[in-house]
Amino acid sequence: MPNGPVHTAANLGALAGAYLLGTAAGADMTSFMVGGALGTFLITPDLDLSGKVRTNAEKNWGLLGGLWYPLGYFVKHRGITHTFLRGPTLLLIYFSSILLILCAAVYWVMVNSGIHWNIEIPPNALTQFPSVLGGYLLAYWLHLWMDGYSMKDHKRW
Ligand SMILES: [Zn+2]
């Protein structure tokens, strides 16, 4: 059972390898690396320990680390977040909800304080999504493999 720093080092090694291969093949690896960094530093399977053990990911969230406590309360360690498909789906939905609430809060403050700020979503944001997801899943699955889980185990999907 590798600890946090070992997971981080393994992920960074794999991401560096993917970056070198992709770049050598002429691909723009930026969004893939963004996804990989998300899955290595901010949204990891071990967030199921939130509120019980202060994981690296929770620390990386800083003051916002507590936003993951409800997740840690409802799921057991090495349960659903340590599955290959349901796990990342749950965490990404949870993360999107947090993001939505934060954006709504910021928007509410802006509207009520009269600040006008035009937020522009880059036109290519959606086309980058598969690449971000690819990098994220590489980081996520590597964590599960290192924890000793196999994709052949159908209960782990
Ligand atoms: Zn784990």
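**Exercise 1. Find the charged end that sits over the ring of Tyr149, and give its distance from the ring centre.**

Solution. Start at the ring of Tyr149 and look for a charge: the charged end of Arg156 sits over it, 4.0 Å from the centre. Then check the rule: NZ of Lys or CZ of Arg has to be within 6 Å of the ring centre and within 35 degrees of the ring normal.

A word on the ground rules: this is a predicted model, where local features need pLDDT of at least 70, side-chain atom pairs count only at pLDDT 80 or more, and totals for chains, interfaces and linings use all residues. Residues are numbered from 1 along each chain as its sequence is written, and side-chain values use heavy atoms, with hydrogens and water left out.

**Exercise 2. Work out which residues coordinate the zinc ion, and classify the site.**

Solution. Step one, the donors: Asp46 (OD), His82 (NE2), His143 (NE2) and Asp147 (OD) coordinate the zinc ion at 2.2 to 2.3 Å. A donor here is an N, O or S atom within 2.8 Å of the metal (3.2 Å for Na, K and Ca); water is not among the atoms, so sites may look incomplete.

Step two, the spacing: along the sequence the donor residues read D-x35-H-x60-H-x3-D. Asp46 and His82 link distant parts of the chain, 36 residues apart: Asp46 is in the loop between helix 2 (30-42) and helix 3, and His82 is in the loop between helix 4 and helix 5. Helices (H or I, at least four residues) and strands (E, at least two) are DSSP runs, numbered from the N terminus.

Step three, the angles: the four donor atoms give 86 to 172°, and the site is irregular. For reference, four donors are tetrahedral if all angles lie between 85 and 135 degrees; four are square planar and six octahedral if opposite donors are over 155 degrees apart and all others between 65 and 115; anything else is irregular.

Step four, burial: Asp46 and His82 are both buried. Buried means under 20% relative accessible area, exposed over 50%, and partly exposed in between (1.4 Å probe, protein chains only).

**Exercise 3. List what His7 touches, leaving out residues up to four places away in sequence.**

Solution. First place it: His7 is in helix 1 (residues 4-24). Next, its accessibility: a relative accessible area of 5% makes His7 buried. Finally, its contacts (heavy atoms within 4.5 Å): with that sequence filter, His7 touches Pro2, Asp46, His143, Met146 and Asp147. Asp46, His143 and Asp147 are also among the residues that coordinate the zinc ion.

**Exercise 4. How many aromatic pairs does a search of the whole structure find, and what is the geometry of Trp61 with Phe95?**

Solution. The search turns up 10 aromatic pairs. Rings of Phe, Tyr and Trp (its six-membered ring) pair if their centres lie within 6.5 Å; planes under 30 degrees apart are stacked, over 60 edge-to-face and the rest tilted. Trp61 and Phe95 are edge-to-face, at 6.0 Å centre to centre with 70° between the planes. This pair joins distant parts of the chain, 34 residues apart: Trp61 belongs to the loop between helix 3 (56-60) and helix 4 (69-74), Phe95 to helix 5 (residues 86-113). Both partners, Trp61 and Phe95, are buried.

Now try Trp141 and Trp145: their ring centres are 6.4 Å apart and their planes at 55°, so this pair is tilted. The two are four residues apart in helix 6 (residues 129-146), which means about one helical turn separates them. Trp145 is partly exposed, at 38% relative accessible area.

To finish, follow the ring pairs outward: Trp61, Trp68, Tyr94 and Phe95 are linked into a cluster.

**Exercise 5. Which residues does the UniProt annotation "transmembrane region" cover, and what is their secondary structure?**

Solution. Read the record first: the unreviewed entry gives residues 90-109 and 129-146. UniProt positions follow the numbering used here, feature names are shortened, and annotations may be inferred rather than shown by experiment. Then check each span. Residues 90-109 are 100% helix and 0% strand, with end C-alpha atoms 29 Å apart. Residues 129-146 are likewise 100% helix and 0% strand, and there the end C-alpha atoms are 26 Å apart. Last, zoom out: the chain has six helices and zero strands.
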